Amino acid sequence: MAERSDFRPNDTDELKDRWQAYIQDRRLNTTAQREAIVEMFLRTRDHVSIDELLTKVRKRQPKVGYATVYRTLKLLVDSGLAVERQFGDGQARYEVVGDHHDHLICVKCGLILEFEDDEIEQLQEKIASRLGGFTVLRHRHELYGLCPKAAGESDGACPNELRKK
Ligand SMILES: [Zn+2]
Ligand SMILES: [Zn+2]
């Protein structure tokens, strides 16, 4: 099972080229603000909310507003460069498009882990074919629970905090 590995492409330039092509196709204006948002987002390696991205972008473009970030993210989703996720806290999160993976979410601290498991993927296909030959087009696995720290285990640490050390 692939765990916490990087499912997103490392080549930000290629993603930026795709963005440029999308902008030109639709004859959309590019502004310094929008470009800063796109730049910042494409370098993101996790699942950002609009507010989180706004905070990051404001370090470079202090006057960027929420609506501009929101609209730019919608364009990024439309262009196929961003994937929108809902992890049950009523807040949309966005990640850079990449290889298929599923998620494990701590409902207390908001930790999000990514995984990809061949056995699970194949099992889904098996179940679908067993149930009358259903063709699976896409799926989403979201496992909600508690990280060791949130569960109150003695010496329980949140993988997120361990990673930052
Ligand atoms: Zn999967
Ligand atoms: Zn993810």
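These legends accompany close-up views of a predicted model.

**Figure 1. Overall fold of the protein chain.** The predicted chain holds six helices and seven strands. Read along the sequence, these elements run β-α-α-β-α-α-β-β-β-β-α-β-α. The C-alpha trace spans about 50 × 45 × 30 Å along its principal axes. Of the 165 residues, 36% count as buried. Contacts between residues at least 6 apart in sequence include many long-range ones: 56% join residues at least 24 apart. The accessible surface of the chain is about 10,400 Å². Carbon and sulfur atoms account for 48% of that surface.

**Figure 2. The site of the zinc ion (ligand 1).** Four protein donors surround this ion: His100 (NE2), Asp102 (OD), Glu121 (OE) and His139 (NE2). They lie 1.8 to 2.1 Å from the zinc ion (ligand 1). The angles among the four donor atoms run from 90 to 121°, and the site is tetrahedral. That assignment follows because four donors count as tetrahedral if all angles lie between 85 and 135 degrees. For reference, the ideal angle for four tetrahedral donors is 109.5 degrees. In sequence, the donor residues are spaced H-x1-D-x18-E-x17-H. Within this set, His100 and Glu121 link distant parts of the chain, 21 residues apart. His100 sits in the loop between β4 and β5, whereas Glu121 belongs to helix α5 (residues 118-130). His100 has a relative accessible area of 34%, so His100 is partly exposed. Glu121 is buried, because its relative accessible area is 16%.

**Figure 3. The site of the zinc ion (ligand 2).** This ion is coordinated by His47 (NE2), Glu95 (OE), His101 (NE2), His103 (NE2) and Glu114 (OE), with Glu95 (OE) listed twice among the donors. Distances run from 2.0 to 2.5 Å. The six donor atoms subtend angles of 52 to 165°, and the site is irregular. Six donors count as octahedral only if opposite donors are over 155 degrees apart and all others between 65 and 115. The donors follow the spacing H-x47-E-x5-H-x1-H-x10-E along the chain. Glu95 and Glu114 bring together distant parts of the chain, 19 residues apart. Glu95 is in strand β4 (residues 92-96), and Glu114 is in strand β6 (residues 112-116). Glu95 counts as buried because its relative accessibility is 1%. Glu114 has 7% relative accessibility, so Glu114 also counts as buried.

**Figure 4. Glu116 and His100.** Glu116 lies in strand β6. Its relative accessible area is 18%, so Glu116 is buried. The cut-off for buried is under 20%. The C-alpha atoms of Glu116 and His100 are separated by 7.3 Å. Along the chain, these two residues are 16 residues apart. His100 is also a donor of the zinc ion (ligand 1).

**Figure 5. A nonpolar surface patch.** Val107, Tyr144 and Leu146 make a nonpolar patch of about 310 Å² on the surface. Val107 lies in the loop between β5 (102-106) and β6. With 58% relative accessibility, Val107 counts as exposed.

**Figure 6. Packing of helix α2.** The buried residues of α2 are Arg34, Ala36, Ile37, Val38, Met40, Phe41 and Leu42. They pack against the helices α1, α3 (50-58) and α4 (66-78). The strands β2 (48-49), β3 (82-86) and β4 are also among their packing partners.

**Figure 7. Two loop residues with positive phi.** Arg27 has a positive phi of about 50°, although it is not a glycine. Arg27 lies in the loop between α1 (12-25) and α2 (32-42). Its relative accessible area is 76%, so Arg27 is exposed. Asp155 has a positive phi of about 65° and is likewise not a glycine. Asp155 is found in the loop between β7 (142-145) and α6 (159-164). Asp155 counts as exposed because its relative accessibility is 81%.

How values were computed:
Residues numbered from 1 in each chain as written. Chains lettered and ligands numbered in written order. Predicted model: local features only at pLDDT ≥ 70, side-chain atom pairs only at ≥ 80, totals over all residues. Heavy atoms only, no water. Donors = N, O, S within 2.8 Å, 3.2 Å for Na, K, Ca; no water. Helix = DSSP H or I, 4+ residues; strand = E, 2+ residues; numbered from the N terminus. Buried < 20%, exposed > 50% of the residue type's maximum accessible area, 1.4 Å probe, protein only. Patch = residues over 30% accessible without salt bridge, like charges linked within 9 Å, V, L, I, M, F, W, Y side chains within 5 Å. Areas by Shrake-Rupley, 256 points an atom, 1.4 Å probe, with all protein chains shown as cover. Salt bridge = Lys/Arg side-chain N within 4 Å of Asp/Glu carboxyl O. Contact = heavy atoms within 4.5 Å.
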